[in-house]
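Hi,

Here is the structure I promised to pass on. Have a look at it first, and then read my notes underneath.

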There are 2 protein chains.
Amino acid sequence: MTAPRTPGRDVAVARGRRPGRSVGDDRESAILATAERLLQRRPFGEISVDELARGAGISRPTFYFYFPSKDAVLLTLLDRVTEEADAAACNVLDRLAEDPRSRWRELIARFHDTFGAHRAVVLACAEVRATNAEVRRLWARVLERWVQAVEAAVVAERRRGAAPDGLPARDLAIALNSMNERVWYATFAGDGPAIDERDVVDVLLELWLTCIYRTTDPARVG
Amino acid sequence: MTAPRTPGRDVAVARGRRPGRSVGDDRESAILATAERLLQRRPFGEISVDELARGAGISRPTFYFYFPSKDAVLLTLLDRVTEEADAAACNVLDRLAEDPRSRWRELIARFHDTFGAHRAVVLACAEVRATNAEVRRLWARVLERWVQAVEAAVVAERRRGAAPDGLPARDLAIALNSMNERVWYATFAGDGPAIDERDVVDVLLELWLTCIYRTTDPARVG
DNA sequence: GAGGTCAGTCAACACTGCGTCGACTGTAAT
DNA sequence: ATTACAGTCGACGCAGTGTTGACTGACCTC
């Protein structure tokens, strides 16, 4: 579902033929690269399958040999970005008690950097999410992971007495993640009221700390 | 820009002809009603101009007599909803000092009720905002008004000593409004991690109070 | 080295939805 | 009666999507 369907290569691999790189691998990469390049210039909806194909040096019908649709290309791109974000954020919350403020900042900053580096893809996904159930599902799954990670961290901080009780941890985690998502979107898209890109990490950090600890300067482990 | 172009009627009115309701008024309303009705069932992108026209008892070309595009219909619908929200929220922040918690709650609850009552339109706008500059502009303008109202309220609360200093009031106002928008979207759309519709007002209220006052129980006027 | 298989390719087609043009009708003011 | 205009729509052109069916060339197998 998530990965692009490349029937030919799957069959080949299954039968042990063509173990090395094939023409198809290059074409597939070329399509993905073309997509990310074109997305820097203009929105996803204004890019046609034909342009994607031409950009990769193939005809439109051939495009459909590699991807079932334009959306599937974006889905693959999104998959990579979220994997990158997951990798960057991984384990950051594990040793939260040592220095809560720095850890939370690291988490937010890493997401900011990853999304910022791939803003074209992220913005395109926000655009397509509304119309494409596949993208919606993938984003929901990814978000759910992040929500659960934050929820667990909040519960742990409360248990050790660093954070006060209050809202259900899950609701808090959903709201904070939602806030980040929308704030980053506004900042990167640049339309409507937005926080300056240079300030956004610190602003979000202050709000996270305030909501979780009710102070801007949470205590270290006692 | 925002209102639908109905050239015929404007001309008529300008020359003093047809002072009463014309056929055109009915058709226009019928199109809008059809749009809002169809939106309950399925997303905006899956509704064609033809359906809108048929639903209003006219042919597709005739639709274009009333609206320049499908998006313009949604724009008109959005305009009404935001006006309703503005009206509902109007003056709520004026006498904040009397009972901050209740006032903020009223503000959030009224937005919640308005958006909830027209969730189909709101969700459709979120869908189209990505591809339609007109909708984007309108939403940005509306949001800017709300951000400024909240910013002013925060400044006032700080000035009277009820709220502590901290983040720039504008950044705070942007972040809180962004949070609400995204959280409501998730709640009403029902995909991905979301806060239960019955709890969402209270969850948002707690977070607003915490972020603005660093307490859940802000003081009344001293 | 003849025949088979399969990755990879694309011209041509069918389909859907958008927006426009130009011709038409009915009503009401002059 | 003529003029004017709100209101209507059949028929068109256009752009983009996704599919079909036929082709090429590499390579494997006997």
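Which domains does the domain assignment of chain A give? There are two entries: domain 1 (9–71) and domain 2 (74–213), with bounds that come from an automatic or database domain assignment.

Some ground rules before the rest. This is a predicted model, in which local features need pLDDT of at least 70 and side-chain atom pairs count only at pLDDT 80 or more, while totals for chains, interfaces and linings use all residues. Residues are numbered from 1 along each chain as its sequence is written, chains are lettered from A and ligands numbered from 1 in the order in which they are written, and side-chain values use heavy atoms, with hydrogens and water left out.

**Between the two domains of chain A**

Taken over C-alpha atoms, the centres of domain 1 and domain 2 of chain A are 30 Å apart. Eleven residues from domain 1 of chain A and twelve residues from domain 2 of chain A take part in the contact (contact means heavy atoms within 4.5 Å). Together the two domains bury about 960 Å², and carbon and sulfur atoms give 62% of that. Buried area here is the accessible area (1.4 Å probe) that two parts lose on being put together, summed over both. On the domain 1 side, Leu32(A), Glu36(A) and Asp71(A) lose the most area to domain 2 of chain A, together 54% of what that side buries.

What about polar links? The rule finds zero salt bridges across this interface, where a salt bridge is a side-chain nitrogen of Lys or Arg within 4 Å of a carboxyl oxygen of Asp or Glu. There are, however, seven residue pairs in polar contact between domain 1 and domain 2 of chain A, both residues being at pLDDT 80 or more. (A polar contact is a pair of N or O atoms within 3.5 Å; within protein, one must be able to donate a hydrogen and the other to accept it, and residues adjacent in sequence count only if both atoms are side-chain atoms.) On the domain 1 side, the elements giving two or more residues are α2 (23–41) and α5 (70–89) of chain A, and α2(A) gives the most, with five residues. Helices (H or I, at least four residues) and strands (E, at least two) are DSSP runs, numbered from the N terminus.

**Between the two chains**

Now for chain A against chain B: 33 residues of chain A are in contact with 33 residues of chain B. The chains bury about 3,100 Å² between them, 72% of it on carbon and sulfur atoms. How many salt bridges are there between chain A and chain B? The count is two. Arg182(A) forms a salt bridge with Glu181(B), and their closest N and O atoms are 2.8 Å apart. Residue pairs in polar contact between the chains also come to two, with both residues at pLDDT 80 or more. On the chain A side, α7 (119–129), α8 (133–159), α9 (169–189) and α10 (200–213) each supply at least two residues. The largest share, ten residues, comes from α9(A).

**The core, and one buried Glu**

The largest nonpolar core has 147 residues, and those with the most contacts inside it are Trp104(A), Phe115(A), Trp104(B) and Phe115(B). By nonpolar core I mean a set of buried Ala, Val, Leu, Ile, Met, Phe, Trp, Tyr and Cys residues joined through side-chain atoms within 4.5 Å. Buried means under 20% relative accessible area, exposed over 50%, and partly exposed in between (1.4 Å probe, protein chains only). Leaving aside neighbours within four places in sequence, Trp104(A) has contacts that include Leu93(A), Val150(A), Trp208(A) and Tyr213(A).

Glu157(A), in helix α8 of chain A, is buried too, with a relative accessible area of 2%. Its side chain makes a polar contact with the side chain of Arg160(A) (2.5 Å).

**Salt bridges elsewhere**

The whole structure has 32 salt bridges over all chains. One of them joins the side chains of Asp202(A) and Arg105(A) (2.9 Å, N to O). Asp202(A) lies in helix α10 and Arg105(A) in helix α6 (residues 100–117) of chain A, so this pair ties together parts that are 97 residues apart in sequence.

In chain B, Arg198(B) forms a salt bridge with Asp196(B), the closest N and O atoms being 3.0 Å apart. Arg198(B) is exposed, at 71% relative accessible area, whereas Asp196(B) is partly exposed, at 31%.

Happy browsing!
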